[in-house]
Structure formats: structure tokens, C-alpha cells
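Please look through the structure shown below, and keep in mind while reading that this is a predicted model. The explanation takes up a pair of strands and then turns to a single residue and its surroundings.

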Amino acid sequence: MTDNHVPPHLTIMSVEAREEKKLTEVMEQLERSLTKGQIQLVSVGVLLPYVLYAAPVLNLYLEDMIE
């Protein structure tokens, strides 16, 4: 990713949804699959024209999610 100048980031999901209903359904499925914890975001930005990103601080919760 660094070769393409994409900064480190956390991707929670990637969805192509042209309808709000479909996006809402996918978000509800995601909500049920994640465990609760705290994520601190240090920056928010845009990659290319269609990707919104938020850069998190690596903490124990994220380390556990990675494992």
C-alpha cells in the first residue's frame, strides 16, 4: 500500500451500495459481528474520490480484534 501512497488505515468494511436500504442492512450486520471496545481516531480524510478513512491509535482492543 505504501508503494501506491496509501497511508496506514483501518478498513472496517467495503461496500458498494447505491441504495440507502442496502447500506443500512450491511451496517446492521457489521454492528452484530463486532465486539465492544474503544477506538481513538487521530485523523479523518479522503483517499481517492470515494474512500473516507479514519486513522486509529493502536490499543489493546484493536490488537485483540486483529488476533
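S43 has A55 as its bridge partner, and A55 lies in β2. This pairing belongs to a wider arrangement, in which strand β1, made of residues 41-47, and strand β2, made of residues 51-56, run antiparallel and are joined by six bridges. Together β1 and β2 form a hairpin with three residues between them, and within the turn L48 has a positive phi of about 55°.

The second part of the explanation concerns V15, which is placed in the segment before α1, the helix that covers residues 20-33. Is V15 buried, partly exposed or exposed? Its relative accessibility is 33%, and V15 therefore counts as partly exposed, because that class lies between the limit of under 20% for buried residues and the limit of over 50% for exposed ones.

When residues up to four places away in sequence are left out of the count, V15 touches L23 and V26. Between V15 and M27, which are 12 residues apart along the chain, the separation of the C-alpha atoms is 9.5 Å.

Which residues make the nonpolar surface patch of about 230 Å²? The patch is made by V15, L23 and M27, so V15 can take part in it with its relative accessible area of 33%, given that patches are made of residues with over 30%. L23 thus appears twice in this account, as a residue that V15 touches and as a member of the nonpolar patch.

How values were computed. Residues numbered from 1 in each chain as written. Predicted model: local features only at pLDDT ≥ 70, side-chain atom pairs only at ≥ 80, totals over all residues. Heavy atoms only, no water. Helix = DSSP H or I, 4+ residues; strand = E, 2+ residues; numbered from the N terminus. Buried < 20%, exposed > 50% of the residue type's maximum accessible area, 1.4 Å probe, protein only. Contact = heavy atoms within 4.5 Å. Pairing = 2+ DSSP bridges. Patch = residues over 30% accessible without salt bridge, like charges linked within 9 Å, V, L, I, M, F, W, Y side chains within 5 Å. Areas by Shrake-Rupley, 256 points an atom, 1.4 Å probe, with all protein chains shown as cover. Salt bridge = Lys/Arg side-chain N within 4 Å of Asp/Glu carboxyl O.
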